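Subject: Structure for you to look through

Dear colleague,

Please find below the structure I promised to hand over, with my notes following it. I suggest keeping the view open while you read, and checking each point as you come to it.

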Amino acid sequence: MRLVLQLVGRLFVIVILCLGAATVWATIDAHRSVDRATAASAERVSVALEALYWRELLLRSNRMREQLLPVPQWRTIETMGLISPGICVQIEPAGAFENPLCGQSKGIGQVPPRWFAATVQTLLGNHAPVIRPISARAANAGSVSATPDPNAAIALAWQHILDNIHLALLMAVAIALLASLAIAHTLAPAQQIVAALQRMARGQYRTSLPRFRSMDLAMIGQAVGELGDRLAQAMEERAALTRRLLEIRSDERRVLARELHDEFGQNLAAILAFANTIEVASTQAQDQGRCEVAQDARMISQATHRIMACLRDTLKRLRHPPAEELGLEACLVDLVDSWRSGNATQPMIQLDLKGDLADVRGAVAATAYRMVQECLTNSLRHSSARGIVLRIERRTGVENALLVHVEDDGGGDAAKVAASTGFGLTGIRERVAALGGSLSIADANRGVSVAATIPLAA
């Protein structure tokens, strides 16, 4: 799962938890608000009745003080306005026909669900009545008892929760959306970092990244840039080392070729001359023993010819290819012609040259020549190919590279060829890598395809 989705998911979990906490808080606050409304109603009514008590005391001084209240005048609209909705107020001690005076409880809120009423009743309990004396100076004046209606209290609490939760829910959704946008905007540079890492995986090590505002992302971007620089430097050092090793190996091959030519070639030529002399001298003799010597001499001559032919082939492979000095196009044509003329039963070789190859020389030409030579050898020796296609293309412009493509129809397995650790294919890989190119081996329609891209700037 993407990091943005994980953070947004966790944010929504936090929002849900906060909404749950807000619901609990709103429930407790609604329960307390009923207690506060009860106390306020009792206080307001007691203050109003105190004034009524002293007025009745002054006007009717001949009556007993304990008989002053309640009086009919206290049940007025003004007194009803002092009582909060859902609260019932009664004077203590109550008269014989005195009923509690209750505030309006209809339409004060929606009918709460049963589970809510049961939960509030279980967790928070009932509301305690609030008693206030009518007069602090006259204890016998009585007191005011305010008691909330349980059903009205639950309805008020439920309405209070709905009002608060609706607002909290809207705010939570808005905060969640804005925070999600902020998270997505903050993590947007992560896509650029991933793209830079992907380019590094494709070989573009020196990848520039913009300067990020976030300190953490800026540190990651800086680390990625430093890693790319170190990888590029390591690859350059590796390529230089590989080129140096190839040069050393080429020098050793030249020394070995010179030694083989000077030592083995001259000795084989001397052996062949001695064998010819023995053969000529023996044929002039007439006795049987001399004829057997002539036959042995001919066998020595034949063996020497075979060894010298093998030595010439070895010297051709050891010496630098002529493409390095003479040019790639002419050497490829000569190589294909030599393969075609070597054996009439060999597969048909098609050479396709595109672009100007006249000035392609040096290490690039030598690498392309060696690759074609190695691929032809493998196709002819290790497959039953009937046709081989060689495509050499020079691309100019931004690419400025030489494309070498060899494809046969011998039915080989590209995976096995790519996994091969033979010296020939390994050497080709090293040569192409040393020049900063790339080599790929894939399955063709009826065989194996080997393709290389070699920068001409190398």
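Among the contacts in the chain with a separation of 6 or more, 68% are between residues 24 or more positions apart. Please bear in mind that this is a predicted model. The chain has 458 residues, of which 34% are buried, and its secondary structure consists of twelve helices and nine strands.

The sheets are a good place to start. Strands of a sheet pair through backbone hydrogen bonds, either parallel or antiparallel. One open sheet here is made of four strands in the order β2-β1-β4-β3, with antiparallel pairing. Because β2 (101-102) and β3 (130-133) stand at its edges and each has a single partner strand, one side of each is left without a neighbour in the sheet. Between β3 and β4 (residues 143-148), which run antiparallel, there are four bridges, and if you look for Ile131 you will find Ser145 of β4 standing opposite.

The other sheet to look at is also open, but its five strands follow the order β5-β6-β7-β9-β8 and their pairing is mixed. Here the edges are taken by β5 (348-354) and β8 (438-443), each with a single partner strand, so that one side of each has no neighbour in the sheet. On average, neighbouring strands of this sheet are turned by 10 degrees against each other, if direction is ignored. Six bridges hold the antiparallel pair of β8 and β9 (residues 448-455), and within that pair Ser440 has Ala451 in β9 as its bridge partner.

Next come the nonpolar cores. In soluble globular proteins, nonpolar side chains tend to be buried together. The largest nonpolar core in this chain has 35 residues, and those touching the most other members are Leu328, Val360, Val372, Leu376, Leu390, Ile392 and Leu402. At least two residues of this core come from each of α9 (328-342), α10 (362-382), β6 (387-395), β7 (401-408), α12 (423-434) and β9, with α10 giving the most, namely eight residues. Another core lies apart from this one and has 15 residues, including Ala42, Ile91, Val130 and Ala141.

How do the helices α3 and α4 cross? The axes of α3 (residues 114-124) and α4 (residues 150-187) come within 11 Å and cross at roughly 105 degrees, which makes α3 roughly perpendicular to α4. Where they meet, Trp115, Phe116, Ala117 and Val120 in α3 face the α4 residues Ile154, Ala157, Trp158 and Ile161.

Finally, two single residues are worth finding for yourself. Ser84 lies in the loop between α2 (77-81) and β1 (87-92), and its relative accessibility is 13%, so it counts as buried. The side chain of Ser84 makes a polar contact of 3.1 Å with that of Arg44, and, leaving out residues up to four places away in sequence, Ser84 touches Ala37, Ser41, Arg44 and Gly103.

Arg429, by comparison, is found in helix α12 and is partly exposed, with a relative accessible area of 29%. Its contacts, apart from neighbours within four places in sequence, are Val417, Ala418, Ser420, Leu439 and Ile441. The C-alpha atoms of Arg429 and Thr367 are separated by 9.7 Å, although the two residues are 62 residues apart along the chain.

With best wishes

Technical notes
Residues are numbered from 1 along each chain as its sequence is written. This is a predicted model: local features need pLDDT of at least 70, side-chain atom pairs count only at pLDDT 80 or more; totals for chains, interfaces and linings use all residues. Side-chain values use heavy atoms; hydrogens and water are left out. Two strands pair if DSSP finds at least two bridges between them. Buried means under 20% relative accessible area, exposed over 50%, partly exposed in between (1.4 Å probe, protein chains only). A polar contact is a pair of N or O atoms within 3.5 Å; within protein, one must be able to donate a hydrogen and the other to accept it, and residues adjacent in sequence count only if both atoms are side-chain atoms. Contact means heavy atoms within 4.5 Å. Axes are lines fitted to C-alpha atoms, for helices over the stretch in contact, and angles run from 0 to 180 degrees between N-to-C directions. A nonpolar core is a set of buried Ala, Val, Leu, Ile, Met, Phe, Trp, Tyr and Cys residues joined through side-chain atoms within 4.5 Å. Angles under 35 degrees count as roughly parallel, over 145 as roughly antiparallel, 65 to 115 as roughly perpendicular and the rest as oblique.
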